[in-house]
Amino acid sequence: MDGPRIVIVGAGGWVFPLELCRDILAFPALTASTLVLYDIDPAAAERTEGFVRRLIEDARLPARVEVAPDLRSALRGADVVLTVFQVGGVEAYALDIEIPRAYGIDQTVGDTLGPGGVFRGLRTVEALREVAEAMLEICPDAWLLNYANPMSINCWAIERLGVRIVGLCHSVQGTSELLARELGAPYEEITFDCAGVNHTAWFTTFRRGEEDLIPRIREVMKARHVDRTLPLLPRSEDAYESIERVRTELMLLTGYFHTESSHHASEYWAWFRRTPELAAEYLDRRWDYLEICRSSDASTRNEDIVEEARREGLRHGGEFAAPIIDSLVTGTPRIVYGNVRNGGAIENLPADACVEVACAVDRRGVRPTRYGSLPAACAALNQVQINVQRLAVEAALTGDRDLVHAAVALDPLTGAMLTLPRIHEMVDRMLEAEARWLPRFSRS
């Protein structure tokens with residue numbers, strides 16, 4: 001029996017496309033899948049194909065892998081499409097970070113809000129639009145599983161075009177594991193509810209059996225990361241986590257801990273990064289993702305993935321894409337966390353916004369579950385982010401330059417750092433520098 005046709009757009013990247021293929025092949029119902037790799041750099045897609053072929057051959061699976069010559073060929077007959085690209089690569093990303101830094105805005109990652117998040121969104125929506133419009137024509141019933149950031153902006157914009165889309169991120173899984181570790185609780189015994197927007201979704205329940213662990217989270221995180229009366233847990237030298245003072249301070253403000261790291265969270269608000277000294281007070285070390293991207297060499301990682309699979313067998317690494325595809329194929333009911341149109345799932349956030357909530361998935365597709373209302377302070381912080389996202393979405397879909405200026409100006413850190421004339425100057429510089437990736441914003 002033939003398996004699903006699964007298309008990966010942006011398949012020429014190192015590591016993550018191969019990890020997704022490994023995850024898919026680890027599910028028995030998906031071992032006969034056809035994996036279709038597409039990238040604007042065909043040689044890079046062919047490189048990934050070679051590694052995927054080795055996974056298939058080593059495990060003696062009936063799956064097939066192929067490289068598509070163009071997007072439309074890739075999408076023909078597709079059941080599921082995964083988008084994993086970064087438009088403009090490190091070259092464009094450097095402009096997102098370095099131009100704002102010249103104006104005193106120091107972004108650690110710059111892929112969610114702020115000048116970097118808005119401009120990455122403008123570039124990415126332009127590329128996702130091409131994928132979405134082709135899907136509506138060629139494979140209108142296919143699901144689009146998006147991993148490209150900024151998650152909320154991208155999914156909000158593309159859902160408006162009519163594509164069945166869900167955005168996937170690992171921050172809910174990662175933070176829930178971190179909190180269990182901080183409490184010394186076995187993760188397999190933990191249950192929780194989490195809702196909000198991507199990179200700022202709130203853990204409003206966290207339980208071990210019948211025990212409510214929210215009071216313990218408040219107590220332990222404050223003692224460990226603010227008062228420093230408890231020792232920090234051991235971290236490896238290259239660990240993503242820092243001290244968690246930023247997220248803990250936000251927890252003390254709202255009552256609840258949220259997803260994504262203190263590094264990320266520090267750039268979303270005006271309270272943590274206005275000066276280098278302030279950033280150093282809240283974070284124990286500098287974490288600069290642009291520098292990491294420029295200095296890291298991922299060229300050996302694909303080989304490591306193949307060798308690990310050969311030694312230990314194919315395994316699912318924890319991302320939600322493969323379980324979702326398995327449920328679409330087999331009908332197995334699952335709950336995953338996805339970024340979807342709100343539609344009332346979170347009652348006190350706008351119905352048209354993109355929210356991150358628990359979603360039910362089975363053969364019928366992916367559907368948000370009803371969460372209810374977020375605690376008032378949590379919803380208020382999310383609403384600030386949604387205001388920026390809404391303007392960025394409208395700008396991306398219309399090419400309205402004025403809305404780009406407004407989106408960046410409403411970012412909390414940017415608004416705290418710069419006057420409106422300086423914001424206009426910075427945005428104009430970014431529009432000019434990134435013009436090759438932003439044809440919709442051409443002045444001509």
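A disulfide is a covalent bond between the sulfur atoms of two cysteines. In the exercises below, a pair of cysteine sulfur atoms counts as a disulfide within 2.5 Å. The structure is a predicted model.

**Exercise 1. Determine how many disulfides the structure holds, and explain why cysteine 194 is not part of one.**

Step 1. A search of the whole structure gives zero disulfides.

Step 2. For cysteine 194, the closest cysteine sulfur belongs to cysteine 378 and lies 10.0 Å away. Because this distance is too far for a bond, cysteine 194 stays unpaired.

Step 3. Seen from the other side, cysteine 378 is likewise in no disulfide, its nearest cysteine sulfur being that of cysteine 194 at 10.0 Å.

Step 4. To classify the surroundings, recall that buried means under 20% relative accessible area. Cysteine 194, at 2%, is buried, and cysteine 378, at 0%, is buried as well.

**Exercise 2. Decide whether strand β2 (residues 34-38) is largely enclosed or not, and describe where its side chains point.**

Step 1. Five of the five residues of β2 are buried. The strand is therefore largely enclosed by the rest of the structure.

Step 2. Thr34, Val36 and Tyr38 point one way from β2, while Leu35 and Leu37 point the other way.

**Exercise 3. Identify the strands that pair with β2 and the handedness of the connections.**

Step 1. Strand β1 (residues 5-9) pairs with β2 in the parallel sense, over five bridges. Within this pair, isoleucine 6 is opposite leucine 35 of β2.

Step 2. From β1 the chain passes through helix α1 (residues 16-25) to β2, a right-handed β-α-β crossover.

Step 3. Strand β3 (residues 64-67) also pairs with β2 in the parallel sense, here over four bridges. Leucine 37 has valine 67 in β3 as its bridge partner.

Step 4. Helix α2 (residues 42-59) joins with β2 and β3 in a right-handed β-α-β unit.

**Exercise 4. Assess how compact the chain is.**

Step 1. The chain has 18 helices and 13 strands.

Step 2. Its radius of gyration is 21 Å, close to the 22 Å that the globule rule gives for 444 residues. The chain is therefore as compact as a globular protein of that length.

Step 3. Along the principal axes, the C-alpha atoms fill a box of roughly 60 × 60 × 45 Å.

Step 4. Of the 444 residues, 57% are buried. Among contacts between residues at least 6 apart in sequence, 69% join residues at least 24 apart.

Technical notes. Residues numbered from 1 in each chain as written. Predicted model: local features only at pLDDT ≥ 70, side-chain atom pairs only at ≥ 80, totals over all residues. Heavy atoms only, no water. Buried < 20%, exposed > 50% of the residue type's maximum accessible area, 1.4 Å probe, protein only. Helix = DSSP H or I, 4+ residues; strand = E, 2+ residues; numbered from the N terminus. Pairing = 2+ DSSP bridges. Right-handed = clockwise from strand over helix to strand, strands pointing away. Rg over C-alpha atoms; globule rule 2.2 N^0.38 Å. Contact = heavy atoms within 4.5 Å.
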